[in-house]
Every structure is written in structure tokens, then in C-alpha cells.
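Colleague: I am new to reading protein models, and I would like to go through one slowly with you. Could we take the features one at a time?

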Amino acid sequence: MSHRTYTHDIEVQYRDLDPRRHVNHVVYAAYVEQAKGRFYADVLGTPLVDAPTVVRTLEVDYRAPVEPDRVVEIELGPVEVGGTSLGIEYELTDEGEVVATARTVSVYLGEDGRPERLPEEWRERATPYEEEGSGSTDAMDGT
């Protein structure tokens, strides 16, 4: 892969655990959302809470449990920039072991609540995180 990645670390909290004393499967999605929030703020320049986007796709492939008192590293990239959407791939690791992979597609909405073309500023800021040769595509969102 020939793209820049963005990394965010999350400390496992007691509340993240299920009765088997490992991170509950739904918490992995929360970790992905936290990492995406940092990416939006740090790279796109827009806090996730202010971003007029909705999640259209969330996929998580679980590979290994995460135990208490660990730090999960989440690497984001590559990013796929569509006409009205932004796709992000994630790799979650615990001490170098891949514990999950994930993918989200978020759709940018206009004031009327309908999909709208991603802002040029987002496109420019996301470019270094795109996989080389992928270029912007509209295939993921049909526009």
C-alpha cells in the first residue's frame, strides 16, 4: 500500500468488558467511531460532532479478543473519496496482533438532508490517505 495512515490509541476501560472479561463486540464499533472522530478533527479539520455526515456502512471483522488493561491501536487508511461519501478502512491491533479490521462509509449531507458532494477542502486533506492508484471514485455512493 502506498498511502499515509492515521493512528489513534484507545485504552481499554473496565466498562468496555463483557462477562467473559474481554472487550465486548459492540465496543469495537465505538473504538472505530472514536478513531474516526480524531481523523475528522485532525485531518479534515471538522470535529465529527459538527460534520454533516451519516454512516451508511459499518463492517467489523473480529479476529481476536482484547483483554483488560490493554491499549488498542487503530490505524486508519486507506481512505476512499467518493462523490458524496468517504470510506475509511481500519486495522485494530493489540501489541502488534490484529484483533479486528473494519470499514465505514459516511455520506455527506446538505442542509436539506440529502447527499451532497464532499467539500473540496475535505478532498484535498484526504488525498494523502488515499490508496495510490485508487483516485476519487463515485462507485461507492452512486453519484
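Modeller: We will go from confidence to overall fold, then to the core and the salt bridges.

Colleague: How should I read the confidence of the model, and what is the average pLDDT of the chain?

Modeller: Keep in mind that this is a predicted model, and that where pLDDT is low, the predicted coordinates should not be read in detail. Here the chain averages a pLDDT of 92, and 91% of the residues score at least 70. The stretch to treat with care is residues 136-143, where pLDDT stays under 50, although the model has 25 contacts beyond four places in sequence for these residues.

Colleague: Which elements make up the chain, and in what order do they run?

Modeller: The chain has 2 helices and 5 strands, and from the N terminus on they run β-α-β-β-β-β-α.

Colleague: What does the radius of gyration say about the overall form of the chain?

Modeller: The idea is to compare the chain with what a compact globule of its length would have: for 143 residues that is a radius of gyration near 15 Å, and the value of 16 Å for this chain agrees with it. The C-alpha trace spans about 45 × 35 × 25 Å along its principal axes. As for how the chain folds back on itself, residues 24 or more positions apart account for 68% of the contacts with a separation of 6 or more.

Colleague: Where do the residues of the largest nonpolar core come from?

Modeller: In general, nonpolar side chains tend to be buried together in soluble globular proteins. In this chain, 46% of the 143 residues count as buried, and the largest nonpolar core has 34 residues, with Tyr31, Phe39, Ile74, Leu86 and Leu92 having the most contacts inside it. At least two core residues are supplied by each of β1 (6-11), α1 (25-44), β3 (71-81), β4 (85-94), β5 (97-108) and α2 (120-126), while the largest share, 9 residues, comes from α1.

Colleague: Which residues is Ile74 in contact with, leaving aside its neighbours within four places in sequence?

Modeller: The contacts of Ile74 include Tyr6, Ile10, Tyr31, Val32, Ala35, Tyr90 and Leu92, and also Thr7, His8 and Glu91.

Colleague: How many salt bridges does the structure hold, and where do Asp94 and Arg70 lie?

Modeller: The structure holds 9 salt bridges, and it helps to ask of each one where its partners sit in the sequence and how exposed they are. The side chains of Asp94 and Arg70 meet at 3.1 Å, N to O. Asp94 lies in strand β4 and Arg70 in the loop between β2 and β3, so this pair ties together parts that are 24 residues apart in sequence. Asp94 is buried, at a relative accessible area of 8%, whereas Arg70, at 25%, counts as partly exposed. Both belong to a network of salt bridges that links Arg70, Asp94 and Glu95.

Colleague: What separates Glu121 and Arg125 in helix α2?

Modeller: Glu121 and Arg125 are 4 residues apart in that helix, which means they are separated by about one helical turn. Their closest N and O atoms are 3.0 Å apart in a salt bridge, and Glu121 is partly exposed at 45%, as is Arg125 at 34%.

Colleague: Which pair, then, links distant parts of the chain from strand β2 to strand β5?

Modeller: That is Glu59, in strand β2 (residues 53-62), with Arg103 in strand β5, 44 residues apart. Their side chains meet in a salt bridge of 3.6 Å, N to O. Glu59 counts as partly exposed at 41% relative accessibility, and Arg103 is partly exposed with a relative accessible area of 24%.

Methods: Residues numbered from 1 in each chain as written. Predicted model: local features only at pLDDT ≥ 70, side-chain atom pairs only at ≥ 80, totals over all residues. Heavy atoms only, no water. Core = buried A, V, L, I, M, F, W, Y, C linked by side-chain atoms within 4.5 Å. Buried < 20%, exposed > 50% of the residue type's maximum accessible area, 1.4 Å probe, protein only. Contact = heavy atoms within 4.5 Å. pLDDT = per-residue confidence, 0-100. Rg over C-alpha atoms; globule rule 2.2 N^0.38 Å. Salt bridge = Lys/Arg side-chain N within 4 Å of Asp/Glu carboxyl O.
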